[in-house]
Each structure stands twice: as structure tokens, then as C-alpha cells.
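Thanks for coming. I will go through one structure today, starting with a single strand pairing and working outwards to the chain contacts. Please have the sequence and the coordinates open.

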Amino acid sequence: MLYLSVFVLIPVAAVIDKAFSTGLGDFWTSVSNSISRTALENTLVISLIVAVISAVMGTIVAWVLIRDEFPGKRLLNAIIDLPFALPTIVASLALLGLYGTGSPVGVNLALTKTIIGVALLFVTLPFVVRSVQPVLLEIDTEVEEAASSLGAANSVTFRRVVLPALRPAIVSGTALSFARCMGEYGSIVLLATKVPIASLIIYNDVESGTTQSAAGLSVALLVITLAILFGLRTWGSIRGR
Amino acid sequence: MVVRPFWRYSLRTVALAYLAVLLIGPVVFIFIKTFEHGFETAWSYVTTPAAVSAFWLSVLIAAIAVPLNTIFGVGTAIVLIRSKARGRRLLDALIDIPFVVSPVIAGLALVLVYGINGWFGSWFADHGIQIIYAPAGMIIATVFVSLPFCVREVAPVLMEVGTEQEQAATTLGASSWQTFWRVTLPSIRQGVAYGVVLTTARALGEIGAVAVVSSNVLGSTVSLPLLVKYRTTTPGPGGITAAYATGTELAVMSLIVLLAMTLLSPQRKDAR
Amino acid sequence: MRIDAEAIYKRFGDEFVALDDVTLHVPEGSLTALLGPSGSGKSTLLRIMAGLETPDSGVVRIGGRDFTDARPQERGIGFVFQHYAAFTHMSVYDNVAFGLKIRKRPKAEVRAKVDELLELVGLTQWGGQRPHQLSGGQRQRMALARALAIEPRVLLLDEPFGALDANVRGELRRWLRRLHDEQHVTTVLVTHDQEEAMEVADTVAVMNKARIEQVGSPRDVYDRPATDFVMSFLGPISKVDGKLVRPHDVTIFLAEEPGTIEAMVKRVVHLGFEVRVEVEVPDGSRATAQLTRQRTEELELAAGDIVYIRPPSGSGPDTVRVADSAVGQTRTADPQST
């Protein structure tokens with residue numbers, strides 16, 4: 001517990017303290033000025049969209065990796081962990097070069113929200129996939145076979161038998177993805193020079209010494225993140241029964 | 001379910017295309033760009049004094065942060081799973097804080113606490129120890145962000161292994177320490193190993209928190225990821241290729257980590 | 001060494017009483033079976049003897065000394081688990097050697113003892129293997145060797161054969177009995193299989209719902225059950241004239257005799273070596289009688305026949321004592337029964 005405090009709890013408390021250190025009014029200003037608001041909006045919207053896409057694609061990828069067979073599948077499965085292992089800044093660099101100005105593939109997404117979204121999709125890829133895979137593996141296919149023998153079309157079986165079983169895993173993977181998106185820095189720092197994103201604004205504020213507004217924005221970001229996570233968990237457990 | 005071929009191929013195509021665009025493309029690209037001007041050039045960027053010291057700084061940070069978090073991880077997992085202490089649920093929730101908090105916020109938090117004007121900062125300054133804008137701060141920051149991995153990997157393994165082996169050990173006369181060392185620890189070693197790998201990967205790749213905490217002075221407080229950022233935003237003589245070189249260096253290190261991850265997880269996440 | 005549990009009371013949570021004032025004395029060198037259905041408290045009692053659980057009240061004595069508050073490490077007992085609890089990351093040899101190694105015995109002594117034990121349990125060639133490479137029966141024999149290595153005062157076995165196939169179970173049962181005859185370690189065995197208890201043990205303690213209902217030799221508990229429960233748990237029963245009897249003690253006559261009740265044959269089931277005759281008595285209830293094939297042929301029984309059945313009552317050589325329907329009440333032995 002002591003360890004936890006020294007490294008985690010006390011620092012977090014300090015942030016909260018700083019945010020309000022010069023009063024509620026200042027806190028509100030730092031949060032509601034146009035830059036902050038835009039940043040929070042952008043961050044939230046992008047995170048939500050990315051979380052949803054990641055959830056869907058992650059489930060599809062997990063399905064293909066578990067239920068399908070093709071050469072090179074094992075290698076592909078290993079690569080899924082790459083975003084976990086690769087330093088985020090390297091991803092940022094790669095995406096900048098590949099899909100930004102001077103891109104060999106002919107797209108130029110530099111300075112757009114899209115490329116930020118792509119970076120976040122990269123980073124969050126393993127979350128849902130790795131969350132869903134073990135559940136898919138454990139599912140007793142006999143239940144699906146029973147449904148089929150009773151006349152259910154595949155889409156029905158998927159919707160009523162498989163998906164409910166996967167739901168908790170998808171929800172928890174999505175929650176992790178979302179939280180990651182909201183706070184992500186390394187993979188977008190080279191990409192978002194013109195787009196206000198919360199983590200970048202916070203960084204700039206700290207570097208320029210305006211720690212109070214940085215703290216204020218941090219608190220706001222955290223509150224929003226936690227609120228969404230809480231909502232996600234509640235929704236997940238309600239539907240889960 | 002028996003899936004009709006149409007759907008099977010469609011899903012497969014979609015998944016593969018997604019992975020190609022998102023995953024494989026960027027990585028391949030980095031390698032290509034690095035060696036665009038030849039291996040020699042790339043190697044020269046990796047061996048500049050700044051790059052070498054960045055490498056050793058990253059290694060040092062990892063070498064301290066990982067063992068600390070591993071010990072913490074195993075201990076906490078045991079408390080969470082085996083003990084009957086109250087407040088376990090709270091502990092469980094608190095452990096996830098580093099996952100939710102943005103790394104830059106973590107960096108800010110550390111500055112506020114350990115910086116010159118921080119809560120504890122003055123104490124450290126009086127004793128001549130510099131935390132913020134020094135490697136020590138970067139280490140603390142790295143510990144923060146990579147904290148939960150070991151716990152989260154060891155806990156489920158601990159739960160699955162169950163207490164019977166430990167009970168058997170006690171009936172055979174083993175003391176608590178002997179039981180822990182000879183029975184518990186070996187039985188969870190896969191979880192520990194995997195946790196160590198994840199922690200190491202995170203520690204090596206950390207940039208958000210350390211960027212805030214670092215003074216960005218080449219040669220002393222610039223780790224490898226920070227070097228990449230530096231080289232991209234303030235290109236020196238090598239231009240962006242130098243950045244790519246360091247990027248590849250990191251990518252190679254992470255591929256080694258990835259290899260370790262793959263080798264250590266066959267029983268858990270096999271896509272058979 | 002003898003082991004005694006006295007007035008043991010154990011409750012889990014607020015509701016569930018696992019053991020209610022249980023007392024059991026296990027003589028030195030005996031093999032005692034704790035027999036009962038799930039939830040009867042037998043495993044809990046065993047674990048309390050081992051120190052893996054602590055009783056809310058009561059005393060555990062080993063060799064006369066009070067060990068109630070002692071941890072398992074201090075009791076000098078050997079424990080064998082239903083699912084083997086093998087140290088999966090150690091070889092068979094290291095498993096068996098574990099207890100000796102942590103007592104820091106010299107290597108030569110350890111080697112000699114382990115080799116001796118591996119030979120005793122028939123696993124000599126398997127010393128270098130890992131537990132997962134062994135069959136269930138082999139793993140359990142390893143577990144036994146491991147427990148015996150520390151020369152325990154008492155050996156406690158918690159449903160040791162429960163996880164094994166039926167034929168392996170039978171083999172190991174007999175093997176355990178032979179082992180006990182050679183080694184003479186005081187042994188307590190928990191089981192829910194009455195056949196196992198009867199075959200292996202010197203003494204059987206029948207438990208039900210947190211209490212011990214009867215303690216006695218296998219013959220005793222079968223022939224002279226103290227309660228309805230013991231009678232029904234230990235063997236087949238049939239209810240005739242409001243009393244519990246053993247089907248093989250019901251006599252069938254073709255003509256009315258003193259002490260008989262009229263009944264109609266409903267079904268004659270040939271079970272190979274014996275025949276089960278299901279009859280219905282006037283009040284509508286059913287009873288079962290068990291006869292030899294020979295006797296059935298003599299009587300030429302068929303469905304629909306009217307016969308006269310007589311529950312045992314003291315006449316005839318093989319009658320048993322009958323338990324009264326009122327639970328818990330016992331009747332004194334019929335002076336004419338064996």
C-alpha cells in the first residue's frame with residue numbers, strides 16, 4: 001500500500017489539489033476557455049468513435065483468428081501484440097510518414113483528425129482482440145450447434161447465443177481502449193500539431209509553466225473519462241444479466 | 001457455427017485488410033525508411049553519443065522500474081487473491097489508476113509532488129537530490145505507468161492454480177516462506193514472466209510522463225522515445241532519417257519483447 | 001499414534017453447521033473410514049484433524065497431546081487430497097522428497113528414503129517424470145508416497161480415489177489395504193462410497209448432517225445399524241409393514257403362514273446372479289424381496305401371482321436386526337439373531 005501511495009496516490013491527489021488551488025473560478029476558466037473546450041470535445045469524440053470502431057473490428061479480428069484457418073495465422077496472431085510492445089512514438093512516426101505529407105501511398109491525412117483516429121486505432125487494437133479471444137476459445141460450440149439444429153440462421157445464432165457470451169469481454173476491452181484513447185500522448189504527439197487534443201494541451205501548459213490550468217484540464221479530462229467508464233460498466237452489467 | 005464460405009472469406013478479408021493498413025504497413029514502412037540511405041548511415045545515427053546515452057538511460061530506467069513493479073505485482077496479487085484483508089476491492093480499483101490516467105497527467109502529478117515547489121520537493125532539494133528534470137523522476141514516472149501489468153497478469157494465474165498445492169506443502173511441514181518460495185512462486189512463474197515482459201515493454205516505450213518530467217537535455221535526460229520525438233521535431237543534420245533510425249532501434253527492441261510475449265503465452269492466448 | 005477428536009463444533013458463515021458436537025477416537029494403527037454423503041461433515045472433520053481448518057470449539061489430540069491450536073506443519077500428519085495436489089512444476093522424485101528436503105535432511109538419506117518409497121508404491125521408473133505425465137492412479141500413489149516420506153504419526157486421506165475411474169479405484173483400494181497391513185500407520189479415510197469403506201476399513205464411522213451416527217466394524221454397521229439412516233446408507237433397504245428390512249431377508253411363501261402378509265407380485269427382475277421381486281401389499285405400498293435364482297425357480301414366480309411375504313423377525317438363520325421407523329431410535333438385539 002505504501003508503495004502504491006508513494007508512486008500513485010499522492011501524485012494524483014496533488015493534481016486535484018493544484019487544479020483548485022487558486023479557487024473554483026480559476027478552475028472553471030481553465031476548463032471552459034475555448035481551447036480547453038475544443039480539446040476536450042475533440043478528445044472525447046475521437047475517443048468514442050475509435051472505441052466503437054476498435055470494438056467492432058477487434059471482435060472481427062478475434063473471430064477470424066479463432067474460428068478461421070489460413071496460412072500465416074499464427075504469425076498474424078503474434079503480431080496483434082505489436083501495439084503493446086512498440087513504443088507509441090514509433091507508431092506516431094510511422095503513421096506520419098506513411099499516411100501524412102509525402103506519403104508513398106498517396107494519401108495525406110496530416111494534421112487531420114483522421115490520422116489521429118488511425119493512430120488511436122493502432123494503439124487500441126490489441127485490447128478488444130485479446131479480451132475476446134479467450135472467451136471465444138472457451139465457448140462451447142455445442143450450444144451453437146443446438147441452435148442451428150433448432151433452425152436458427154447463423155445471424156440469429158450469432159446475435160442470440162455468441163454475442164451475449166462475448167459481451168462482457170467486448171465491453172471490458174472497449175473500456176480499456178476508451179481510457180487509453182482519452183489519455184494517449186505518444187502516438188499522436190507528432191500528428192496533432194494543429195488539432196487541439198487534451199493531452200497535448202496539458203503537456204504544453206506544463207512546459208510553459210501554467211501548471212494550474214494544466215491541472216484543471218487534467219481533472220476535467222479524468223472526470224469525463226471516469227464518467228464514461230462508469231457508464232460503460234453499468235450498461236455492461238445491466239445487459240449482461 | 002458452420003459459416004458459409006462467402007462470409008468466411010469476407011470476414012477474413014476485412015480483418016486482414018484492417019491489420020495490413022493499421023499494423024503491418026506502418027512497421028514495414030519504418031524499416032524501409034530507415035535503410036533508405038543504406039545500413040551504414042542508419043547505424044551512424046544509432047551510435048551518436050546522444051543516441052548511445054539515450055539507449056543506456058532507457059535501459060537503466062527499465063532495469064529499476066521493472067523489478068520494483070514485479071515485486072510489488074506479485075505481492076499485491078497475493079494480497080488480492082489469497083488474503084482476507086479488508087479493503088481488497090479498493091486496492092483492486094486503485095491499481096487500475098495508471099491505466100485510466102493519461103501519462104502526461106502522471107508527469108504533471110509528479111512535478112507537483114516532487115518538483116522544487118512541490119509537496120515533497122523542498123525536502124528533496126534540501127538534500128541535494130533532484131527528482132524532476134532528472135533521471136530519478138523519469139524512473140518514478142515509468143514505475144507509475146507500468147505499475148498494473150504484473151499484478152494483472154499474476155492475479156488470474158494465482159487464482160487458477162488454487163491453494164491445494166500450498167495446503168499440501170504445509171501438511172508436509174513447510175513454513176510459510178518455504179511454501180511461498182518452493183511452491184507458490186514456481187506455480188505462477190508463467191504469469192510473472194509475462195507480466196515482466198509487458199512491464200518492460202511499457203517501460204521502454206514510455207514517453208508521455210517522462211516527457212513532462214524530463215529536462216530534455218540530450219545526453220542526460222533523454223531516453224530513446226524522447227530522442228525520436230526530439231529528432232522529429234528538431235531535425236539535425238540527418239534529418240528525419242535519424243529519427244527513423246532510432247525508431248527502428250526501438251522497434252527491434254520491441255520485437256524482441258514481442259517474441260518473448262508470444263513464446264510465453266501459448267497456453268493462454270492460442271488462436272487455434 | 002492414536003488420534004482423537006472431542007466435542008468438535010464447526011460452523012461456516014452464519015447458517016451452515018458442518019460439525020455438531022462430534023467425537024471420534026481413532027485407535028493407534030487402525031484404518032478408520034469416515035463414511036457419509038456430501039455435506040455430512042466428514043471432510044471438515046478430517047481437515048480439522050489435519051489443522052487445515054480450526055474448530056469453533058473442541059479438542060484434537062494426537063498421541064494424547066493436545067494439538068488443537070497447532071498449525072498443519074507442526075502436527076506430523078500426512079494428508080492426501082482428492083485431486084492429488086501434486087507439485088506440478090517438480091518431478092515425481094522431488095515431490096516425494098519435498099518433505100525431507102525442507103527438513104534439511106542429508107542428500108544420501110533423502111535419496112534412500114525416496115527410492116524406498118517409490119518402490120513401495122510401484123513408481124520407481126517414473127521418478128524423473130512430471131505429475132502431468134502420470135495417470136490419475138499413479139499420481140495418487142505418488143501423493144501417498146509423498147505423505148509417507150515424512151513418517152507421519154497419522155495418515156489422513158480425503159476421498160483419495162474419488163477422482164479416479166471405477167476399476168482403478170478398486171485396484172487402489174485393495175492396494176491401500178495391503179499397504180496399511182504392512183506399514184501400520186494410523187489412517188483415517190474419508191469416503192462417500194460404502195463399498196469402499198466396508199472393503200478397506202477396520203472401523204467405520206457413519207456420518208450424517210454434522211453428526212456421527214454410528215461407529216463400528218463394517219459388519220457391525222451393516223448388520224446392526226443404529227439408525228434408519230445408517231441402515232439405508234450401507235445397503236439396500238425395503239419397507240415392509242412399516243419397518244425397514246434388507247430385501248435379502250424377506251422370505252416368500254406360496255401359502256399363508258404365521259406372520260406373513262399377503263402381496264401380489266408386480267415384477268420379477270432377473271439381475272443375473274440374483275432375482276429381485278417387486279410386490280405390492282394391500283395398502284398399496286411396494287416392497288422388494290431378493291431371492292436366489294434357485295429359489296425363484298422353485299416358487300415359479302410370475303407377475304400377477306399372489307404370495308405371502310414375511311419380514312425377518314427372529315426366526316431363520318439369516319435374519320437381521322430391524323431398525324425402527326422412528327429416526328434415531330434403536331432396538332435391542334433380538335436374542336435369537338446372529
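Which residue in β15(C) is the bridge partner of C:Met264? It is C:Glu280. Before going on, note that this is a predicted model.

That bridge belongs to a pair of strands in chain C. Strand β14, residues 261-270, runs antiparallel to β15(C), and six bridges join the two. Between them the hairpin has three residues, and in that hairpin C:Gly272 has a positive phi near 90°.

β15(C) also pairs with strand β16 of chain C, residues 286-292. This pairing is antiparallel too, over seven bridges. One of the bridges takes C:Glu278 to C:Thr288 in β16(C). The hairpin here has five residues between the strands, with C:Gly284 at a positive phi near 95°.

Now the two faces of β15(C), which covers residues 274-280. Which residues are on the covered face? They are C:Val275, C:Val277 and C:Val279. The uncovered face carries C:Glu274, C:Arg276, C:Glu278 and C:Glu280. Two residues named earlier for their bridges are therefore on the uncovered face: C:Glu280, and C:Glu278. Next, another part of chain C. Four strands form an open sheet in the order β2-β1-β4-β5, with antiparallel pairing. Its edge strands are β2 (16-26) and β5 (65-66) of chain C, each of which pairs on one side only. β5(C) is joined by two bridges to strand β4 of chain C, residues 57-62, and the two run antiparallel. In that pairing, C:Arg61 has C:Asp66 of β5(C) as its bridge partner.

Which helix packs on this sheet? Helix α1 of chain C, residues 42-50, does, and it touches β1 (3-12), β2 and β4 of chain C. The direction of the helix makes about 120° with that of β1(C).

Some overall numbers for chain C. The chain has 10 helices and 17 strands. Of its 338 residues, 41% are buried. Its C-alpha atoms fill a box of roughly 80 × 45 × 35 Å along the principal axes. Among contacts in chain C between residues at least 6 apart in sequence, 63% join residues at least 24 apart.

Moving to the assembly: which chains do not touch? Chain A and chain C do not, and their nearest C-alpha atoms are 22 Å apart. Two pairs of chains touch, and the most contacts are between chains A and B.

Take chains A and B. Here 66 residues of chain B are in contact with 70 residues of chain A. On the chain B side, the elements that give two or more residues include α1 (5-34), α6 (103-114), α12 (189-205) and α15 (240-264) of chain B. The largest share is from α1(B), with 15 residues. By class, this side of chain B has 51 nonpolar, nine polar and six charged residues.

Chain B against chain C reads as follows. In this contact, 14 residues of chain B meet 20 residues of chain C. On the chain B side, α10 (164-171) and α11 (176-187) each supply at least two residues. α10(B) gives the most, six residues. The classes on this side of chain B are five nonpolar, eight polar and one charged.

Now the cores. As background, nonpolar side chains in soluble globular proteins tend to be buried together. The largest nonpolar core in this model has 153 residues, and A:Ala119 and B:Leu108 have the most contacts inside it. Why does this core lie between domain 1 (1-34) and domain 2 (49-271) of chain B? It lies between them because both domains give residues to it.

What does B:Leu108 touch, leaving aside residues up to four places away in sequence? From chain A, B:Leu108 touches A:Val15, A:Ile202, A:Val206, A:Thr211, A:Ala214, A:Ala215 and A:Ser218. From chain B, the residue touched is B:Val212. Apart from the largest core there is another, of 80 residues, including C:Leu45, C:Leu117, C:Val190 and C:Val204.

Last, the two domains of chain B. The domain assignment gives domain 1 as 1-34 and domain 2 as 49-271. Their C-alpha centres lie 31 Å apart. The contact between them takes five residues from domain 1 and five residues from domain 2 of chain B. On the domain 1 side, those residues divide into three nonpolar, one polar and one charged.

Conventions:
Residues are numbered from 1 along each chain as its sequence is written. Chains are lettered from A and ligands numbered from 1 in the order in which they are written. Two residues are in contact if their C-beta atoms, placed from the backbone, lie within 7 Å. Ala, Val, Leu, Ile, Met, Phe, Trp, Tyr, Cys and Pro count as nonpolar, Asp, Glu, Lys and Arg as charged, and the others, Gly among them, as polar. A residue is buried if 20 or more other C-beta atoms lie within 10 Å of its own, exposed if 12 or fewer, and partly exposed in between; C-beta atoms are placed from the backbone. Two strands pair if DSSP finds at least two bridges between them. A nonpolar core is a set of buried Ala, Val, Leu, Ile, Met, Phe, Trp, Tyr and Cys residues joined through C-beta atoms within 7 Å. Domain bounds come from an automatic or database domain assignment. Axes are lines fitted to C-alpha atoms, for helices over the stretch in contact, and angles run from 0 to 180 degrees between N-to-C directions.
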